[in-house]
Amino acid sequence: MAVLSVSRRTAPRRTVARSLRVLGVVSASAALALGASGNALACNINEFSAEAKCDGDKGVITVTDVDPAGVPATVTVYLQNNGADAKKVGEQVVKGSREGTTITFAEEWKPNAEYRIHVKATPYVDEDIKPNLVTPATACKKEEEPPASTPPATPTPSASPSKSAEETATPAPEPSQSESTTPAGNAPAPAAGDSNLAETGANSSTGLIAGIAAALVVAGGGAVFFGMRRRGAKTDS
């Protein structure tokens, strides 16, 4: 009877111990699950996204945070050149939301440019958004085409300035050598031995003189002719 009573007393103790062990395991599992889910809900790099867009003719880079916990995160944007940071575009703090919170960086990006976006939310995130952001192949503002070159206008010849009365007047004939060298009123006498050949072309008595000379020649010839006939008649008689 004593042995039976002892066994009955130890059985409930074992049951209680097993129950406590099971409860401990379940509690630990729940704690791990809650911790993991808490870390997942706190902040994650996959909750960040970046995009290059146009705001009118200007370029912008936007970063959106969809972290429902709203953990503050510092976002830094760098322009890349051959795999290295060429310049720091800017840095802003964002608090995410379930609907998404977007921040904007003004950046006149060039087509096919590459940007590195780094996110830091202590103690959850400290890494880049992968892959790097590559801008579109078309710029926001189209370059203006240079105007077509037009041929230069042919200059219109200007009217020649009016000439003065002295220039338009007909110039007086230059005096001949004799007139320019001999004073007026002192005409030189013709040189000795000079004939009147210079005056024959302008003297109106030239024809009369020639007629008289011809008449004299005819008269002389007639006189000679009659004289010879008279001599012949006398000789015959």
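Two residues are counted as being in contact when heavy atoms of one lie within 4.5 Å of heavy atoms of the other. In the predicted model described here, valine 75 meets this criterion with Val63, Gly90, Glu91, Gln92, Val94, Ile103, Phe105, Ile117, His118 and Val119, leaving aside residues up to four places away in sequence. Valine 75 also belongs to the largest nonpolar core, which has 24 residues. Phe48, Val75, Tyr115, Ile117 and Val119 are the members with the most contacts inside this core. At least two core residues come from each of strand 1, strand 2, strand 3 (72–81), strand 5 and strand 6.

Three strands form an open sheet in the order 1-2-5, with antiparallel pairing. Strand 1 (48–55) and strand 5 (101–106) occupy the edges of this sheet; each has a single partner strand, so one side of each is left without a neighbour in the sheet. From one strand to the next, the twist averages 25°. Strand 1 and strand 2 (residues 58–65) run antiparallel and are joined by eight bridges. Phenylalanine 48, listed above among the core residues with the most contacts, has aspartate 65 as its bridge partner in strand 2.

Antiparallel pairing is also found between strand 6 (residues 114–121) and strand 7 (residues 125–128), where four bridges are formed. The connection from strand 6 to strand 7 is a hairpin of three residues. Valine 119, another of the core residues with the most contacts, has glutamate 127 in strand 7 as its bridge partner.

Aspartate 128 is likewise located in strand 7. With a relative accessible area of 14%, aspartate 128 falls under the 20% limit and is therefore classed as buried. Its side chain makes a polar contact, at 3.0 Å, with the side chain of arginine 116. When residues up to four places away in sequence are not counted, aspartate 128 touches Ile45, Arg116, Ile117 and His118. Of these residues, Ile117 also appears among the contacts of valine 75, as does His118.

The loop between helix 1 (2–42) and strand 1 contains asparagine 44. This residue has a relative accessibility of 29% and counts as partly exposed, because the value lies between the limits of 20% and 50%. The side chain of asparagine 44 reaches the backbone nitrogen of asparagine 46 at 2.9 Å. Asparagine 44 and aspartate 65 are 21 residues apart along the chain, and their C-alpha atoms are separated by 9.6 Å.

A search of the whole structure identified one disulfide. Such a link is a covalent bond between the sulfur atoms of two cysteines. The link is formed by cysteine 54 and cysteine 140, whose sulfur atoms are 2.0 Å apart. The angle about the S-S bond is -90°, and the link is left-handed. Cysteine 54 lies in strand 1, whereas cysteine 140 lies in the loop between strand 8 (133–134) and helix 2 (165–168); the pair therefore ties together parts that are 86 residues apart in sequence. The two cysteines also fall into separate exposure classes: cysteine 54 is partly exposed, with a relative accessible area of 42%, and cysteine 140 is buried, with a relative accessible area of 16%. Cysteine 43 is buried as well, with a relative accessible area of 5%.

Note on methods. Residues numbered from 1 in each chain as written. Predicted model: local features only at pLDDT ≥ 70, side-chain atom pairs only at ≥ 80, totals over all residues. Heavy atoms only, no water. Pairing = 2+ DSSP bridges. Axes fitted to C-alpha atoms, helices over the stretch in contact; angles between N-to-C directions. Core = buried A, V, L, I, M, F, W, Y, C linked by side-chain atoms within 4.5 Å. Buried < 20%, exposed > 50% of the residue type's maximum accessible area, 1.4 Å probe, protein only. Polar contact = N/O pair within 3.5 Å; in protein donor to acceptor, adjacent residues only side chain to side chain. Disulfide = S-S within 2.5 Å.
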